[in-house]
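Colleague: I am new to this model and would like a close look at a single part of it. Please take the cavities, and then describe what surrounds them.

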Amino acid sequence: MIQQFILNGLIAGGIYALVALGFTVIFRTVKFFHLAHGVVYTTGAYIGYTLAIQLKLPIVIAFLFAMLSAAILGILIDRIVYRPLRKKKASNLILLLASFGIFIFVQNLIQLIYGAQILSLRTGPVKEGYEIFSAIITPIQIIILVTSFVLMITLWIFIRKTKLGKAMRAVSDDPMAANIVGINPERIIMISFALGSALAGAAGFLIGMETNLEPTMGFNIILKAIIASIVGGVGSIPGAMLGGLFIGLSENIGIAWLPSAWKDVIVFVILIIFLLIRPQGFLGIKTKKENS
Amino acid sequence: MELLKIEHIKKSFDGLKVVDDLSFTLEKGKITSLIGPNGAGKTTLFNILSGLCKADSGDIYFNSNSIFNKSPYYIANLGIGRTFQNIKLFPQISVWDNVLLASQNHSGEHFIKTLLPTKQVHEDEKNAEEKAMECLEFVGLFNKKEYFAENLSYGQKKLLGLAITLATGADLLLLDEPTAGVYPETRKKILELLGQLRDQGKTILFIEHDMKIVMDISDIVIVMNYGKKIVEGSPENVKNNQDVKDAYLGRGNGSS
Amino acid sequence: MEYILHILVICGIYSILALSLNLILGYTGLVNLGHVAFYATGAYISALLTLQAGLSPWIGLLAGGLGAALIGIVVTLPALRLKSDYLALATLGAGIIVYQVSKNWTSLTRGPMGLPGIPGFSIFGIAFDSTWSYLILVIVFVLITLFIINRLVTGAYGRVLKSIREDEVASSVLGKNVNKYKFQVFITGAFFAGLAGSLYAHYITFIDPSSFTIMESMTIILMVIFGGMASIKGSVAGAVILVVIPEMLRFLGMPSSIAAPLRQMIYGLLLVILMMKRPQGLFGKFRFT
């Protein structure tokens, strides 16, 4: 029985890790909590719905387009809202509130277009699962698990190995210095939004294949992604992945004992424990107040 | 009489020793300047003294009370005031309120007492206003009291920072480059004010890069390099010390 | 007429919410995205104490305020040590948890079925059962809130709050125990939000989780920012305007499946535009940068 909870935890954790990773990639360059990342995830799922279910396009094409539209939405959010605020040197509080506003706006736009009812990206009946270690896994779940891990590892390699990835790290560490050596921070921020948002869109699509779509789905996920990145260590790429898996596993193993409605409460209890005991997370450097 | 006693303070960031076994004492009523190349650990020492940064080990006594790694507000309440190199004011608050904020143990800042104001609250406010007026007049900013602090010129902001620190009534003033970046007239004024403060019995520790200023107004000079104290003595002694020349003057960036 | 009185009661309840949030957000600069948690706590505690324990609604009101303040303590305790972004997250989390508890702890709150039949207030045998009498009651509480919050934000105490908003390091170096102030402000704000929740519950007589979603937080934040950060009259104006405008939308005869998301979209957009163009709002002086 516990094996099933662990497996479910890995699948949920993979999705959280994907969103947390996208969030972290963006956070590293802009240094504030981009809450609207949650609706980018929702948008990916709904665009996927339009393409795969309403227009009946092949699932892979729909998936790729969902990622692409999420990336475009991310870039647009940055261009239209964050960038002018950045130019004015707006505080994190302003950015956070603006981000909250964008979130509410897009979420309700989606509700206006698609309605509040629950939709699904499932194309056929649920297939019978395979049994591994006395846990049941369906083909869809295998696809979700594999895709999310492949995307995460690809991004990680991209950031560690390619020239662009190195530039992104440089901007994250010291934007001024990066500017001096000829890296354009605005360009890097745009790329970060594109990559991070594409991952969120992918995650939204994947979750839509397994469970359901609702306009409000992005809220829960962004909170869990942020908590995952705090647990893993804010700004740390492997931390985001580790945190995502940790959150997914904890909530699913937790409901072995508690009613499943308490999943979210488990996650916030974890957050509070981490804030109290280890605010820098597993892999992070100190996130306590900076001293001037 | 010694006002501040620093014993074997150590602080490192990521293995880099920023303050390394530093000890010295400050005599009451003296102006001591703290000099040294950039990165010598001067501002970190200030941060440790004012409680903004926790040291790894050592001890600090102020008027025989240990203030080692205590909270900033506790240290300020005991009577240590400081200014910042990159001036820290409250930009969207009036100059007047900026200075009023410096009052210590104001009963009106107490939750219950502000809801049920007693006579004490009004008295404290009156005292704070008198003090604020005195300090603003001392630095010559009284006519700007209605301005938002952000609307002052750079030099005026430096003066306001000084006025705020004075209004705390602190006995020990930690001033981080009080004259950096201001016009010569303002600089002259600030230096005069520092002299007057000493005459009033205040103890001043200040960080300075301009050697002429250091030599002119200091009673004692402490030279730091790589987190260590290399020399301490009268301006005359320090000027002629070979170590200092090597570490600091030798680089040709200090004398003016 | 009855309808106008009803709108005024709602305006009053939101004024209390906006004023209490303004103390936290506008004056002290602490981002609180979960003010609804305090509102919901006050409503549920007050309703449950009167329904289940048969206590007087007045005791419910007080307990609702205190219970909300307690939630305020639980939220701020871990988060105050950290950067403000984390406080924002912790408050958001509190909003979610309280909502989840109200929805899922069905043995206590009856979950989505809600709590019907919440009794109203009465004093010396006179019940506040008509809309106009309830309006008077709400106005009394608005005035109490105005009085207390005004006391806190003017004078020496308010000066310290603003200094924390501007630069908490500088404030601590001037001898202010910054965390103590943040704590007091949060608890006070939570207390008044709890009172507002109780006033709402005993007025509507029925509460369910749908009245306490995170969108409600959004509405209150918008009231504060639209009216003006650190402005008392701004909070009242913001509350009145943002209660009245959607009511006008209702007269346009849109079905609620369109009107509800449209209203939220307008709110979201308004928040973004305010942040970009006029962060100080209508009456505020503070620009929040």
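Modeller: What follows goes through the cavities, then the domains and chain interfaces around them. The model is a predicted one.

How many cavities of 30 Å³ or more are there? The count comes to three. The largest cavity holds about 110 Å³ of space, and the second largest has a volume of about 70 Å³.

Take the largest cavity to begin with. Its lining is made up of 13 residues. Those that lie nearest its centre are Arg82(B), Phe84(B), Lys88(B), Ile164(B) and Thr165(B). Sorted by character, the lining has eight nonpolar residues, three polar ones and two charged ones. Two helices each supply at least two residues of this lining: helix H6 (154-167) of chain B and helix H8 (168-173) of chain C. H6(B) gives the largest share, with three residues.

The second largest cavity is lined by Thr83(B), Phe84(B), Ile87(B), Lys158(B), Leu162(B), Leu175(B), Pro178(B) and Ile190(B). Six of these lining residues are nonpolar, one is polar and one is charged. Phe84(B) is named in this lining, and Phe84(B) is also among the residues that lie nearest the centre of the largest cavity.

Where does the second largest cavity lie with respect to the domains of chain B? Domain 1 (1-79 + 170-256) and domain 2 (86-167) both give residues to its lining, so the cavity lies between them.

That leads to the domains themselves. Chain B is divided into two stretches of assignment, domain 1 (1-79 + 170-256) and domain 2 (86-167). Taken over C-alpha atoms, the centres of domain 1 and domain 2 of chain B are 26 Å apart. In the contact between them, 18 residues of domain 1 of chain B meet twelve residues of domain 2 of chain B. These two domains of chain B bury about 1,200 Å² between them, with 67% of it on carbon and sulfur atoms. On the domain 1 side, Asn77(B), Lys189(B) and Leu193(B) lose the most area to domain 2 of chain B, together 31% of what that side buries. Zero salt bridges are found across this domain interface of chain B.

Chain C also belongs in this picture, as helix H8 (168-173) of chain C helps to line the largest cavity. Between the two chains, 29 residues of chain C are in contact with 31 residues of chain B. The area buried between chain C and chain B is about 2,700 Å², and carbon and sulfur atoms give 60% of it. Arg159(C), Val173(C) and Leu174(C) supply 27% of the area that chain C buries against chain B, more than any other three residues. Three salt bridges are counted between chain C and chain B. Arg159(C) also takes part in a salt bridge with Glu125(B), at 2.9 Å from N to O.

The interface of chain C with chain A can be set beside this one. There, 46 residues of chain A are in contact with 47 residues of chain C. Chain A and chain C bury about 4,300 Å² between them, 78% of it on carbon and sulfur atoms. Zero salt bridges are found across the interface of chain A and chain C.

Notes
Residues are numbered from 1 along each chain as its sequence is written. Chains are lettered from A and ligands numbered from 1 in the order in which they are written. This is a predicted model: local features need pLDDT of at least 70, side-chain atom pairs count only at pLDDT 80 or more; totals for chains, interfaces and linings use all residues. Side-chain values use heavy atoms; hydrogens and water are left out. On a 1 Å grid over the protein atoms alone, a cavity is a set of points where a 1.4 Å probe fits but cannot get out, and a pocket is an open set with protein on both sides within 12 Å along at least five of seven lines; lining residues have an atom within 4 Å of a point. Grid points are joined across faces, edges and corners, and a volume is the space filled by probe spheres set on the points. Helices (H or I, at least four residues) and strands (E, at least two) are DSSP runs, numbered from the N terminus. Ala, Val, Leu, Ile, Met, Phe, Trp, Tyr, Cys and Pro count as nonpolar, Asp, Glu, Lys and Arg as charged, and the others, Gly among them, as polar. Domain bounds come from an automatic or database domain assignment. Contact means heavy atoms within 4.5 Å. Buried area is the accessible area (1.4 Å probe) that two parts lose on being put together, summed over both. A salt bridge is a side-chain nitrogen of Lys or Arg within 4 Å of a carboxyl oxygen of Asp or Glu.
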